[in-house]
Every structure is written in structure tokens, then in C-alpha cells.
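Here's a quick tour of some charged pairs and a pocket. Have the model open as you read.

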Amino acid sequence: MIGDVLAAARVLRAQPPAARDAAIATLIAEADLADRWRGHTGRAHPRFGNGSLMAAALARGPGAEPFLSDPEWLDALGRVIVALRTRAEAAGVFGEQ
């Protein structure tokens, strides 16, 4: 969902550019962990939430959403989108193209 992308980008925006790729990889891993936890226990993970990227991001207290004219915001948004696309491609979500 777009809210997940925006929440994750807000977390990345607060990081130095060199740390952003690692930060999105961590957020995705935390969301995956929480999703497995929820599937196993039927409850949200105590730290990372319900398994959504948004819940994992909100657990980190992201800053406010900046204007689209902010180049750091655009960089953060782009990195989230690329990471999610790469993950989907690796999982074969897009199939043959």
C-alpha cells in the first residue's frame, strides 16, 4: 500500500544517504519477521507490529512527510520503491515480462 511506502520513506529520510539502503533492508526484514510472528501466534509482534512495512516503520517514530520538492525525500521514496520492486522480482511476483 502507498501508506507503507510513505512511512518507510519517512524513516529513510532521517538517515544519511549512505545508510538508507541498509535501513530499508532492515525495515523489510522486520516486517517479514512480524508477519511470521503473527502467522504463528495470531498476534502482532510486540516490537514490529502486524507484519506490514508501515507498522515496522512506525515503530521507529518516523518524521513528518516533507514536500515533494525535497531531494532527500525523493531519494528516500525512490530507494523504498526500488527495494520493494527488487524483492517482488526475486519472489517472481511479476512473472515473465
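Which residue forms a salt bridge with Arg20? That partner is Glu72, and the closest N and O atoms of the two sit 2.7 Å apart. Keep in mind that this is a predicted model. In total, the structure holds 9 salt bridges, and a few of them are picked out below, followed by the largest pocket.

**A bridge between helices**

- Glu72 belongs to helix H4 (residues 71–90) and Arg20 to helix H2 (residues 20–41), so this salt bridge ties together parts that are 52 residues apart in sequence.
- The two ends sit in rather unlike surroundings: Arg20 has a relative accessibility of 2%, so it counts as buried, while Glu72 comes in at 30% and counts as partly exposed.

**Bridges inside one helix**

- In helix H4, Asp75 pairs up with Arg79, with 2.8 Å between the closest N and O atoms.
- Asp75 and Arg79 are 4 residues apart, which is about one turn of the helix.
- Both count as partly exposed: Asp75 has a relative accessible area of 26%, and Arg79 has a relative accessibility of 22%.
- This pair doesn't stand alone, as salt bridges with shared partners join Arg20, Asp21, Glu72, Asp75 and Arg79 into one network.
- Over in helix H2, Asp35 forms a salt bridge with Arg38, and here the closest N and O atoms are 2.3 Å apart.
- Asp35 and Arg38 are 3 residues apart, again about one turn of the helix.
- Asp35 is partly exposed at 33% relative accessible area, and Arg38 is partly exposed too, at 36%.

**The largest pocket**

- The largest pocket has a volume of about 170 Å³.
- Two elements, H2 and H4, each give two or more residues to its lining.
- H2 gives the most, with 5 residues.
- Asp35 and Arg38 turn up again here, since the lining is made of Ile28, Ala31, Asp32, Asp35, Arg38, Gly51, Ser52, Leu53, Leu84 and Arg87.
- Sorted by class, the lining of the largest pocket has 4 nonpolar, 4 charged and 2 polar residues.

**Putting it together**

- What does helix H2 bring to this picture? Helix H2 holds Arg20, the partner of Glu72 in helix H4, and it also holds the Asp35 and Arg38 pair.
- Asp35 and Arg38 have a double role in this account: they form a salt bridge with each other, and both are among the residues lining the largest pocket.

Methods:
Residues numbered from 1 in each chain as written. Predicted model: local features only at pLDDT ≥ 70, side-chain atom pairs only at ≥ 80, totals over all residues. Heavy atoms only, no water. Salt bridge = Lys/Arg side-chain N within 4 Å of Asp/Glu carboxyl O. Buried < 20%, exposed > 50% of the residue type's maximum accessible area, 1.4 Å probe, protein only. 1 Å grid on protein atoms, 1.4 Å probe; cavity = no way out; pocket = protein on both sides within 12 Å on 5 of 7 lines; lining within 4 Å. Points joined across faces, edges and corners; volume = space filled by probe spheres on them. Nonpolar A, V, L, I, M, F, W, Y, C, P; charged D, E, K, R; others polar.
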